[in-house]
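Hi everyone, thanks for coming. I'd like to walk you through one model today, strand by strand and then out to the loops. Have a look at it first.

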Amino acid sequence: MTISSPSTPEARQLRSAGYCLFPGVLDRRLLADLIQVTEELVSRVSPEDRERYRYQGSNIAIDDRHPVFTRLITCPKTLDAFTQVGFTDPKYWSGYLLSKAPHAPSLYWHQDWWAWHIPCSADEEPSQVFAMYYLTDTRRENGCLRLIPGTHRKRIPLHDELPPAHTDETYHSDEHSIIHGLHPDEVDVPVKAGDVVIGDARLLHAAHANQTDERRSCLTLWYFPHYASLPETIKAAIGKMSPPRENAPSIMRDILVPPYTGTAEPCQFNRVPEEYLAR
Ligand SMILES: O=C(O)CCC(=O)C(=O)O
């Protein structure tokens, strides 16, 4: 992808370090409504899912037809932030509620890109990004995000130790193993409730354990920042993995990934970084 990005500090940081932060994008009303709806969702998690997703806390796919999530996905200040970092055609794909109960363990190191065998995986421009919102202020003690800057484009030894993200291997990993450990190059990303962290899906990230008596909830939304410029095989794969969305609210029409109508074969789902992640 050859796209010239703007020279704002956030745009530069996103390309060089793999993430950036915009403060205060959610207003108080939306934040309060999100807290109410997500508490209800978390209260309905089965004991089996609570155990399976104990490192993420929960892994609840959000319903983008629910009015509160529609407001979040189309949040004007986040869409404005996308413009400021140079996204040419942002399209929303999916979102998850990751809610750490009091005293929940750390989240394992991982990256979330899934088409590593396609050459665009080496590009400076991200093919996929997360927009992460926290519903409480975060810090190391209550399980803030941590990440290793630059690892979206540079291989480090840890890459070769990690199983593919969000699989049985990570769900059943040992809390004291290297994939949960501290890394000398990691940085904490503490935030205020209502900030948004925009990050490259290729970036190695994790979260600290929640050592407090309070719940810590995160909403991660996935977007393709330059959807129109993605390789056809990736667009076909996205189309195959996306839920049907004929009944999407009208406010969502412009931001949702469109149905794939081309003829390309979907590329494989491949979470393992190979030749396109440079040493
Ligand atoms: O809980 C967090 O802070 C990050 C969550 C995350 O990256 C994930 O579950 O994939």
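Let's begin in the middle: strand E5 and strand E8, which covers residues 196-200, run antiparallel and are joined by five bridges. Before going further, please keep in mind that this is a predicted model. In that pairing, Tyr133 sits opposite Val196 of E8. E5 also runs antiparallel to E10, and here six bridges join the two. On that side, the residue facing Tyr134 is Cys218 in E10.

So how many of the residues of E5 are buried? Six of the six are, so the strand is largely enclosed by the rest of the structure. Both of its faces are covered. Val129, Ala131 and Tyr133 are buried on one side, while Phe130, Met132 and Tyr134 are buried on the other.

That brings us to the core. The largest nonpolar core has 59 residues, and those with the most contacts inside it are Ala131, Met132, Tyr133, Val196, Val197 and Ile198. Which strand gives the most to this core? It is E5, residues 129-134, with six residues. As a general reminder, nonpolar side chains in soluble globular proteins tend to be buried together. Tyr133 is a nice residue to click on: leaving aside residues up to four places away in sequence, it touches Leu26, Val196, Cys218 and Leu219.

Cys218 comes up again at the ligand. The shell there consists of Gln56, Leu98, Leu107, Leu145, His205, Ala207, Cys218 and Thr220. By type, that shell divides into five nonpolar residues, three polar and no charged. Two strands, E9 (205-207) and E10 (216-224), each supply at least two of the shell residues.

E9 leads us to another sheet. This one is open, with four strands in the order E4-E9-E6-E7 and antiparallel pairing. Which strands stand at the edges? They are E4 and E7 (187-189); each has a single partner strand, so one side of each is left without a neighbour in the sheet. From one strand to the next, the twist averages 25 degrees. Further in, E6 and E9 pair in the antiparallel sense over three bridges, and Arg146 has Ala206 in E9 as its bridge partner.

Now for two backbone details that I'd like you to look at. Most residues other than glycine have a negative phi. His103, however, has a positive phi of about 65 degrees. You will find His103 in the loop between strand E3 (91-100) and strand E4 (107-110). Is His103 buried or exposed? It counts as exposed, because it has 11 C-beta neighbours inside 10 Å, and the cut-off for exposed is 12 or fewer.

The second one is His166, with a positive phi near 55 degrees. His166 lies in the loop between strand E6 (145-147) and helix H6 (168-171). With 17 other C-beta atoms within 10 Å, His166 is partly exposed.

Last stop, close to the start of the chain. Thr8 is in the segment before helix H1 (9-16). It counts as partly exposed, because it has 15 C-beta neighbours inside 10 Å. Where does Thr8 make its contacts, not counting residues up to four places away in sequence? It touches Gln84 and Val85. Thr8 and Val85 are 77 residues apart in sequence, yet their C-alpha atoms are 6.9 Å apart in space.

That's my tour, and I'm happy to take questions.

Note on methods
Residues are numbered from 1 along each chain as its sequence is written. This is a predicted model: local features need pLDDT of at least 70, side-chain atom pairs count only at pLDDT 80 or more; totals for chains, interfaces and linings use all residues. A residue is near a molecule or strand if its C-beta atom, placed from the backbone, lies within 6 Å of it. Ala, Val, Leu, Ile, Met, Phe, Trp, Tyr, Cys and Pro count as nonpolar, Asp, Glu, Lys and Arg as charged, and the others, Gly among them, as polar. A nonpolar core is a set of buried Ala, Val, Leu, Ile, Met, Phe, Trp, Tyr and Cys residues joined through C-beta atoms within 7 Å. A residue is buried if 20 or more other C-beta atoms lie within 10 Å of its own, exposed if 12 or fewer, and partly exposed in between; C-beta atoms are placed from the backbone. Two residues are in contact if their C-beta atoms, placed from the backbone, lie within 7 Å. Two strands pair if DSSP finds at least two bridges between them. Axes are lines fitted to C-alpha atoms, for helices over the stretch in contact, and angles run from 0 to 180 degrees between N-to-C directions.
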